[in-house]
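Got the viewer open? Let's walk through this one stop by stop, selecting as we go.

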Amino acid sequence: MLHLEFAVAPTEVNSLADLALLDARLGFDRGAVLSGFPKAWFRDVSDQLRQTHNGTSLDKATERLRTFKNNKTVTFTRTYQEGSWVNAATESHGNVPFHRLVEQSFTQLPVFVSSITELEDPDFNYNSQFPRDALSLAQAATALLLGAEKVTIYDPFICVTKSGYRKTLLELMKLCKKAEVEFHIFSEEDGKPAWGRTEEALIDLKAVMPGNIKLYWYCADDDSSGFLHSRGLFTAKGGLIYDRGFAEPNDRDQRQELTDITPMPNDLLQAKANSYNTSLQYEDFALVRGVWSSHP
């Protein structure tokens, strides 16, 4: 997974300044997210802020907390054992490591940190290179996929008739945990097999997709503008830039070669969301044929 998972005890956020510090450090565009551990984390922090703020100050803190929850956090599949946060977090860390744990009693640096003010730049260095096998390419996006209801993938070379792309798509789909998730995939029409072969491959893919996935496939043409050259993935919360796309190479050695996968800056995320907005007319490219849907 590209995004670093930070576990912060609710007792460490007692003021708007504390929240602002976390807000400035974390984000899908920065490669670091807050773990929603436990599920009551935001309720506990909200209760604490009510003890230290009131009036307009409380309103600002509450709004900041709401925005933070929507844009900076991921609820991973972790079990929270009853008892103190310290014991529960330590036990969960033993099963699946956090990147950093923050609570005032912790002193075992660099992983166990005593305060959010003690976090330094090296604590936020994320890995941006991954092997090119399907599982690694998919797992880089884990934090984005877990809570996603809509996933958009754009890659001019993506071709459902090729097994290397199908394998990665299936691994991406398996990471989505919502009851219903839409996958919108944009591929360039030029250089692809006849549509009949593509449609047959899409039907075969539908047969093995997880039951919670709805697939939409778009064939696009940018009239040689080069707009469709870039490759990436995004959800409502953030995106990733895939330097070499989504194909798992046939050659075993090539699968072990590293490729760059980096967080998508927020301005680029907004631009891509506008360009690939499936409810609007497309301005940067044209659709060559109607949209193929697994659930017409």
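Which residue in E2 is the bridge partner of Phe6? Select Leu34: that is the one paired with Phe6. Keep in mind as you look around that this is a predicted model.

**Stop 1: the strands around Phe6**

Select residues 4-8 for strand E1 and residues 32-35 for strand E2; the two run parallel and are joined by three bridges. Now add residues 16-25, which form helix H1. Together, E1, H1 and E2 make a β-α-β unit, and its hand is right.

While H1 is lit up, click on Ala17, which sits in that helix. Ala17 is exposed, with a relative accessibility of 57%. If you draw a distance from the C-alpha of Ala17 to that of Ala32, you should get 19 Å, for two residues 15 apart along the chain.

Next, move from E2 to strand E3, residues 73-74. These two strands also run parallel, with two bridges between them. Zoom in on Ser35 and you'll find Val74 of E3 opposite.

**Stop 2: the whole open sheet**

Colour the strands in the order E3-E2-E1-E4-E5 and you have an open sheet of five strands, paired in parallel. Its edges are E3 and E5, each of which pairs on one side only. Strands of a sheet pair through backbone hydrogen bonds, so switch those on if your viewer draws them.

Over at the E5 edge, select E4 (100-102) and E5 (112-113). Two bridges hold this parallel pair. One residue match to look for is Val102 with Val113, its bridge partner in E5.

**Stop 3: helix H4 and its two faces**

Select residues 85-95, helix H4. Show the side chains of Trp85, Ala88, Ala89, Ser92 and His93: these are buried. Look down the axis of H4 and the buried residues fall within an arc of 130 degrees, so they line one face of the helix. An α-helix has 3.6 residues a turn, so residues three or four places apart point the same way.

What covers that buried side? The covering elements include E1, E4 and E5, so keep those strands displayed. Then spin round to the face turned away from the buried side, where Asn87 and Gly94 are exposed.

**Stop 4: strand E8 and its partners**

Jump to residues 181-188, strand E8. Seven of its eight residues are buried, so E8 is largely enclosed by the rest of the structure.

Strand E7, residues 150-154, pairs with E8 in the parallel sense over five bridges. To see one match, pick Thr152 and look opposite for His184 in E8. Add helix H7 (163-174), and E7, H7 and E8 form a right-handed β-α-β unit.

Now bring in strand E9, residues 213-221. Eight bridges join E8 to E9, again in parallel. Here the pair to show is Phe183 and its bridge partner in E9, Leu215. With helix H8 (195-208) added, the path E8, H8, E9 makes a right-handed β-α-β unit as well.

**Stop 5: the nonpolar cores**

Leave those elements on and show nonpolar side chains. The largest nonpolar core counts 46 residues, and the ones with the most contacts inside it are Ile153, Leu172, Phe183, Leu215 and Trp217. Elements giving two or more residues to it include H5, H6, E7, H7, E8, H8, E9 and E11. Which one gives the most? That's H7, with five residues.

Centre on Ile153 and show what it touches. Leaving out residues up to four places away in sequence, its contacts are Ile158, Leu169, Leu172, Phe183, His184, Ile185, Phe186, Gly232, Leu233 and Phe246.

A separate core of 21 residues lies apart from the largest one; to find it, select Leu22, Leu26, Trp41 and Phe124, which are among its members.

**Last stop: the cysteines**

How many disulfides are there? Zero, counting sulfur pairs within 2.5 Å. Select Cys159 and Cys219: the sulfur of Cys219 is the nearest cysteine sulfur to that of Cys159, at 9.2 Å, and Cys159 is in no disulfide. The converse holds too, with Cys159 supplying the nearest cysteine sulfur to Cys219. Buried or exposed? Cys159 is buried, at 4% relative accessible area, and Cys219 is also buried, at 6%.

Notes
Residues are numbered from 1 along each chain as its sequence is written. This is a predicted model: local features need pLDDT of at least 70, side-chain atom pairs count only at pLDDT 80 or more; totals for chains, interfaces and linings use all residues. Side-chain values use heavy atoms; hydrogens and water are left out. Buried means under 20% relative accessible area, exposed over 50%, partly exposed in between (1.4 Å probe, protein chains only). Two strands pair if DSSP finds at least two bridges between them. Helices (H or I, at least four residues) and strands (E, at least two) are DSSP runs, numbered from the N terminus. A crossover is right-handed if, with the strands pointing away from the viewer, the path from the first strand over the helix to the second runs clockwise. A nonpolar core is a set of buried Ala, Val, Leu, Ile, Met, Phe, Trp, Tyr and Cys residues joined through side-chain atoms within 4.5 Å. Contact means heavy atoms within 4.5 Å. The arc is that of the directions from the helix axis to the C-beta atoms.
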